[in-house]
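This briefing concerns the domain arrangement and one strand environment of the structure shown below. The topics are grouped for quick reference.

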Amino acid sequence: MTQATSAVALDGDVVDRLIQLIRDNGTDLAESALTVPTAHFVSRERAEAEITLMRSLPLIVGHVSDIPDPGSFFTRTILGIPLLVVRQKDGSVGVFRNMCRHRGGHVEPAEKGRKPIFMCQYHGWSYAAEGGALKGVPYEETGGKVDRRCNSLIAFPAEVRHGLIFATLSDIEPRPVAAYLGPEIDSQILPWQLEESVVFIDETIELDINWKLVVDGTIDSLHAQFLHPKPGGVGSRTVNHCAVFKEFGRHGKMFMARAKLKKLLDAGEDGSASSKYIGTVMQIFPNNVFVEAPEHVELWSVWPNVDDPTKCSVRFRFLVRADILSPELEARVRKSWEILREAGMEEDFPMEASIQRNAVSWPEGSYHYGRNEKPAQHLHRQLHKEIDGARTGPGTISFS
Ligand code: FES
Ligand SMILES: [Fe+2]
């Protein structure tokens, strides 16, 4: 299937490297083991630093199919900021604070819809869907003249790329998304044709887990054999402790061998043409993970809870190319969601919640990330660079 093979083809050395790792019972190694303070999963101060960092980065806040036509909108609170996201006439997307410039009421209470004008229901100030300009101010003759030029809805920098709506939720100079992703990541997302895809599954789960532990779980190549041992389940589909991890700046991509590849090799067959037997997980720093399946792409967006570092919400979107969607494919994608949901709810999330509870009860402690956990180390190392300026000392990650 072109989706899967084209991305892997960009990494021609990956198949050979994975085959070698299978033969050696090995996995890519980080330069050192890593120790992460448990405080990083419970501390409010740490959480605030992470959220401040996140707000300065282009974040994925939606998919174009959420707002197909001019004036289509959705409202969503992201990192504590109520947003009103509106498709513009030129196809671009306006990301506004869902906040009236009179006294801060929400200008749109509905989750989604389509409107040319948004009118605040408190005192009737109204705003154009196009650009967010303030249009009407009831009783202005007695209230006093309101300057239209500086009372539009407050806009955040936003850009659509690969069908994904990126927004930077601060007033810093935004980075172009292509530059933020970098050419390697950008070119590997391209063949998925996300802009031509429909969001087939869109589910959100609230968890009592720090967001980083959930991201860790998505790129952990050591656990499936132990945590998902059921015959035919997640653990039986990949080769445990066998992953290539490529760093692309802040981001990274893990390549895992499917069990079928090991079977081929064990049977003495040449696995070199077997890129379809490779699964990938792409981490887009800081909080998004793409899991590439043969016929669809899964996007996990893991959002910290701004009020409580021990909680997060995970939004799962399964994107399927519109041109290949069929009832049979729908059934297969639904089945994949069921398998993921079951493994997550019954196995991964309860384990991660236990890690969280232990961090809460032992905030002066630390957790270990071995050299063979290079993918899971990447996020913590990158946050260390961006938040701590790579400074080591009390309260920071350490290397050994
Ligand atoms: S708060 Fe919106 S019109 Fe008053
Ligand atoms: Fe898992």
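**Strand pairing and domain layout**

Strand E17 (residues 288–292) runs antiparallel to E18, and five bridges join the two. The model is a predicted one. Strand E18 covers residues 297–304, and the points below begin with its neighbours before turning to the domains.

**Neighbours of E18**
- The connection from E17 to E18 is a hairpin of four residues.
- Across this pairing, Glu-292 stands opposite Val-297 of E18.
- E18 also pairs with strand E19 (residues 312–321), in the antiparallel sense and over eight bridges.
- Within that second pairing, Ser-301 has Arg-315 of E19 as its bridge partner.

**Burial of E18**
- Strand E18 is largely enclosed by the rest of the structure, because eight of its eight residues are buried.
- In a regular strand, side chains alternate between the two faces of the sheet.
- One side of E18 carries Val-297, Leu-299, Ser-301 and Trp-303, all of them buried.
- The other side carries Glu-298, Trp-300, Val-302 and Pro-304, which are likewise all buried, and both faces are thus covered.

**Domains and their contact**
- The domain assignment divides the chain into domain 1 (2–56 + 181–399) and domain 2 (62–174).
- The centres of domain 1 and domain 2, taken over C-alpha atoms, are separated by 33 Å.
- Domain 1 contributes 14 residues to the contact and domain 2 contributes 13 residues.
- On the side of domain 1 that touches domain 2, helix H3 (44–55) and strand E13 (197–207) each supply at least two residues.
- That side of domain 1 comprises nine nonpolar, two polar and three charged residues.

Key
Residues numbered from 1 in each chain as written. Chains lettered and ligands numbered in written order. Predicted model: local features only at pLDDT ≥ 70, side-chain atom pairs only at ≥ 80, totals over all residues. Domains from an automatic or database assignment. Contact = placed C-beta atoms within 7 Å. Nonpolar A, V, L, I, M, F, W, Y, C, P; charged D, E, K, R; others polar. Buried ≥ 20, exposed ≤ 12 C-beta atoms within 10 Å, placed from the backbone. Pairing = 2+ DSSP bridges.
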